[in-house]
Amino acid sequence: MTNSFSSTTSQDLPWLYRGISEIFPSKPDSDNTTENLALLIAKINRPLRVKLGIDPTGTDIHLGHSITFRKLRAFQDAGHTAILIIGDFTARIGDPTGKSDVRRQLSPEEVAQNAKTYLEQVRSILDFDTPGRLEVRYNSEWLSNLNLEKILGLLSTMTVGQMLAKEGFAERYEKENPIYLHEFLYPLMQGYDSVAIEADVELGGTDQKFNLAVGRDLQRHFGQTPQFAVLMPILVGTDGVQKMSKSLGNYVGLSEDPLTMYSKLEKIPDSLIKDYFELLTDLPLEQLPENPRDRQKLLALEIVTQYHGKEAAIGAQQASLNLVQGKTNINTDAVPEFSLDGIEFPVTLSFILKASGLCSSTSEARRQIQGGAVRVDGERISEINQSFDSPESLNGKVLQVGKKNFLRMVR
RNA sequence: GGGUCGGUGCCCGAGUGGUUAAUGGGGGCGGACUGUAAAUCCGCUGGCUUACGCCUACGCUAGUUCAAAUCUAGCCCGGCCCA
């Protein structure tokens, strides 16, 4: 085709190029559809098969994961087929990417349960309804049937040197940490997924580059046209430093209640907010508010709206405002509730704090009280042995620890 | 398989028989301040249905001792070197 055609493609496909980190192979001037994704999209007369794999290793999906899901949705909206691969088999080995330790191996039951909750959570991002836009596949379908002969075939496509070049392995090897042989199999299995479903494109975080590249190698090995890899940036967590992850506690989970979500998002560090808008919303980046505080609020409102709807988002915003200002008349539904039903009265405040999950132990609860962190309906409690005689005295009141943890006690 | 070094609380890392939940740093949480941010300062950072009391802790187990994270033996796990 002509050069003019391919040089305009990046403007023609804003849905593809927004917020991405890298596409490879990438030769924007090439007229070969195997090395120019924009051209392939323009010329092909069938839906592309766009792969995204997730390993159901935990239970919560957070905004960091949502980035690739959102890109997958963009492909769906452009008419392509999303192939969502649930790594029920690979989850049991554990992706060594970015890990400094071996992963614990999960039982089949855990994996099945996690997979179920994952699907529920991505329901709000992906198009589950339009026919032909989504395939959900479990990789045990093909991986559990590989015999040793086939496994040897996969293994023989890569050298130890190539494996050790992978960042996670290189680092661990450097630090003299253990690397187990079964971990070497992980990239090959993920790559084989691409072969099994005949992927045209695979999405992943930048940390997945190696694994996606292995997929290309294996597809070529099996006589298929190698997939394109679309890499998305890794989202920095709410601490503004490390990547968002549940274990670091700097995450915003998709299934969190509106108020919790809002409270976390409205304090995103200034340095991060632009990335958050780019990666997590569709808002035009040129039109963001000047005032940093307004930007934070808009971001929080927008994202909560995506997952809980406009009304809940506005409610969360209002509730957050009230709580911070110490107002006692909180009438929104946005504050999570805690039932006093199972509590025997009289009861100490520290016990309620533990029972409600606001504190992880009664000892911690006592410390928090001593540290002045605990409020009931905005009023600070500093008496360690504060206790309550009946549920009536607490019903409807808001219990708060610190600035961002609160819930309403109900009978 | 052999040799050697090592396994301490969320992480790193002191500590080598006896005031002790175990120096210090990081991280986390809380308070003040602020833009509910950042920076800074201060406090907390095993658990216990209710605490000048009890329990659990330094890879595991069994010992020595009035007394062990610290000594002994066996075991488990990891790194490196050799095979």
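Me: Which helix gives the largest share of the surface near RNA strand B, and how many residues is that?
Reply: Helix H18 does, with 5 residues. Keep in mind as we go that this is a predicted model.

Me: Which residues are closest to RNA strand B, and how many surround the strand?
Reply: There are 28 residues around RNA strand B, and the closest are Glu266, Arg293, Phe351, Arg366 and Arg367. They are called near because a heavy atom of each lies within 4 Å of the strand.

Me: What makes the pair formed by Arg367 and a phosphate oxygen of RNA strand B a polar contact?
Reply: An N or O atom in the side chain of Arg367 is 2.3 Å from that phosphate oxygen. A polar contact needs a pair of N or O atoms within 3.5 Å, so this pair qualifies. By the cut-off of 3.5 Å, Tyr180 qualifies too, because its side chain has an N or O atom 3.0 Å from a phosphate oxygen of the strand.

Me: What does Lys403 contact in RNA strand B?
Reply: A base nitrogen: a polar side-chain atom of Lys403 lies 3.2 Å from it. As for elements, those giving two or more residues to this surface are helix H15 (292-308), helix H17 (349-355) and helix H18 (362-370).

Me: How many residues of each class does the surface near RNA strand B have?
Reply: By class there are 6 nonpolar, 12 polar and 10 charged residues.

Me: How do you know that the length of H15 is close to what is expected?
Reply: H15 has 17 residues, and 24 Å separate its first C-alpha from its last. The expected span is 1.5 Å times one less than the number of residues, which means 24 Å for this helix.

Me: Which residue caps the N-terminal end of H15?
Reply: Asn291 does, with a side-chain oxygen 2.6 Å from the backbone nitrogen of Arg293. Just after H15, Gly309 takes a positive phi of about 90°.

Me: Which residues of H15 are called buried?
Reply: They are Arg295, Gln296, Leu299, Ala300, Leu301, Ile303, Val304 and Tyr307. Each is called buried because its relative accessible area is under 20%.

Me: Why is Glu198 called exposed?
Reply: Its relative accessible area is 51%, and exposed means over 50%, so Glu198 earns the word. Glu198 sits in the loop between helix H11 (181-197) and strand E5 (201-205), and has a positive phi of about 55° although it is not a glycine.

Me: What is the omega of the peptide bond from Phe345 to Pro346?
Reply: Omega is near 0°, and the bond is cis. Pro346 lies in the loop between strand E7 (337-339) and strand E8 (347-348).

Notes:
Residues are numbered from 1 along each chain as its sequence is written. Chains are lettered from A and ligands numbered from 1 in the order in which they are written. This is a predicted model: local features need pLDDT of at least 70, side-chain atom pairs count only at pLDDT 80 or more; totals for chains, interfaces and linings use all residues. Side-chain values use heavy atoms; hydrogens and water are left out. A polar contact is a pair of N or O atoms within 3.5 Å; within protein, one must be able to donate a hydrogen and the other to accept it, and residues adjacent in sequence count only if both atoms are side-chain atoms. Helices (H or I, at least four residues) and strands (E, at least two) are DSSP runs, numbered from the N terminus. Ala, Val, Leu, Ile, Met, Phe, Trp, Tyr, Cys and Pro count as nonpolar, Asp, Glu, Lys and Arg as charged, and the others, Gly among them, as polar. Buried means under 20% relative accessible area, exposed over 50%, partly exposed in between (1.4 Å probe, protein chains only).
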